[in-house]
Amino acid sequence: MRSYRDLFRTPEFTPLFLASSAQTVAQTASGLALGTLVYRATNSPLLSAVSMFGPSLAQVLGATFFLSGADRLPPRRTLAGVCLALAAGTAVPALPDLPVWGVFAVVLVQGVVASLGGGVRWGLLNEILAKDGYLLGRSVFNMMSGIMQIAGYAAGGALVAALSPRITLLLSAALYAVAAAVLRLGLSRRPPRTRGRTSVSATWRTNALLWSSRPRRLTYLGLWLPNGLVVGCESLYVSYAPAAAGTLFACAALGMLAGDVTVGRLLPPAVRRRLATPLLLLLAGPYLLFVLHPPVPVAACLVTLASAGFGASLVQQERLMALTPDELSGHALGLHSAGMLTLQGVSAALAGSVAQLTSPAVAMTAMAAASTLMTLSLALAARRTQAPSARPAPAR
């Protein structure tokens, strides 16, 4: 599979793509609305950051207890059900006089539900496309995510300003329902990829199997930690520049789009495989300058440049799929997605805590420094892992 045209000619790719696009717009617009709603009510950078990225933090529960369903549940029914559950969860915080603790309870449930949806979606994508088409297909989804995040944050910012955060939440819930309808009508009925019942024990066994390989383990850590720490920087946009948070989020999405196009479509495989570490360093580097508290136009340029480094995840996912049996692809990709989003939620909480004690600019710089250190440590560990296999066999 060599071109984007080939992808969209593949049966079921288009409805999955369109539904995911609608979900991304709904997620970004509702996240901005919820973060703004909580910040106005509490004036707390920590609570605002956690309200936006709390569903990511809750993904660890889904990865621990329910992820075996990624390969054991029928994809069409599961994906449509997840969208409907997210629609309901997005509408509830729009209720008047809902206490802050109620908002966070809903956020927790949304994260658990979303953790299952990620594994089912990416496992289905791996099933729809040929083996050599997954990277190109995932790059298109990542590019779509960048474009739809721009649209979602722009629309969310406009709707919050022109109407209210609560109305923005209700419109986002309606968009989730539209995505559920597209999935139900556009996908064919497929059996689960793996036999067996979804259970906690099956989830733990498969997690342990995937984690038992050192190369896979380092790949997972590379997908989760540097990325998650930088998302901690992003979680502070609202408190760093309350009037321009939508602009900063849109610039981050634009940079991610540019990185995904470059890595997924323009670079040859031999070059692409060597770029994971440089891209992760690019992801964190510009945020180190936030210690100078740059004005919004400069901050927007730095955010755009840094976010091109998110293209590293394509290189890492390609490696993960090469290290994983086909029958475990959904679970493996679900574990990647859940772990990544969990670390993003943890990082948002950590960044918000640091910002509460210091300032958003200082917290963003600290998170970027931690991401840089983690990238260098993992690169060194990977080199040590490869070194024994590179030694020549002893002469006999």
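Biologist: Is A19 buried or exposed?
Modeller: In this predicted model, A19 has a relative accessible area of 0%. The cut-off for a buried residue is under 20%, so A19 counts as buried.

Biologist: Which helix holds A19, and what separates its C-alpha atom from that of L175?
Modeller: A19 is found in helix α2, residues 13-42. Along the chain, A19 and L175 are 156 residues apart. Their C-alpha atoms are separated by 9.4 Å.

Biologist: Is I167 buried, partly exposed or exposed?
Modeller: I167 is found in helix α9, which covers residues 165-186. Partly exposed is the class between under 20% and over 50% relative accessible area. I167 has 37%, so I167 is partly exposed.

Biologist: What is the accessible area of the nonpolar surface patch that includes I167?
Modeller: The patch is formed by I167 with L163 and L171. Together, these residues have an accessible area of about 260 Å².

Biologist: What is the volume of the second largest cavity?
Modeller: A search of the whole structure finds two cavities of 30 Å³ or more. The second largest has a volume of about 40 Å³.

Biologist: Which helices each supply at least two residues of the lining of that second largest cavity?
Modeller: The lining includes G222, L223, L280, L283, A312 and Q316. The helices that each supply at least two lining residues are α11 (214-234), α15 (276-284) and α17 (312-322).

Biologist: How many residues of the lining of the second largest cavity are charged?
Modeller: Among the lining residues are F310, N227, S313 and G309. The lining divides into five nonpolar and five polar residues, and the number of charged residues is no more than none.

Definitions and conventions
Residues are numbered from 1 along each chain as its sequence is written. This is a predicted model: local features need pLDDT of at least 70, side-chain atom pairs count only at pLDDT 80 or more; totals for chains, interfaces and linings use all residues. Side-chain values use heavy atoms; hydrogens and water are left out. Patches are made of residues with over 30% relative accessible area and no salt bridge: like charges are joined within 9 Å, nonpolar side chains (Val, Leu, Ile, Met, Phe, Trp, Tyr) within 5 Å. Accessible areas come from the Shrake-Rupley method with a 1.4 Å probe; for residues, only the protein chains shown count as cover. A salt bridge is a side-chain nitrogen of Lys or Arg within 4 Å of a carboxyl oxygen of Asp or Glu. Helices (H or I, at least four residues) and strands (E, at least two) are DSSP runs, numbered from the N terminus. Buried means under 20% relative accessible area, exposed over 50%, partly exposed in between (1.4 Å probe, protein chains only). On a 1 Å grid over the protein atoms alone, a cavity is a set of points where a 1.4 Å probe fits but cannot get out, and a pocket is an open set with protein on both sides within 12 Å along at least five of seven lines; lining residues have an atom within 4 Å of a point. Grid points are joined across faces, edges and corners, and a volume is the space filled by probe spheres set on the points. Ala, Val, Leu, Ile, Met, Phe, Trp, Tyr, Cys and Pro count as nonpolar, Asp, Glu, Lys and Arg as charged, and the others, Gly among them, as polar.
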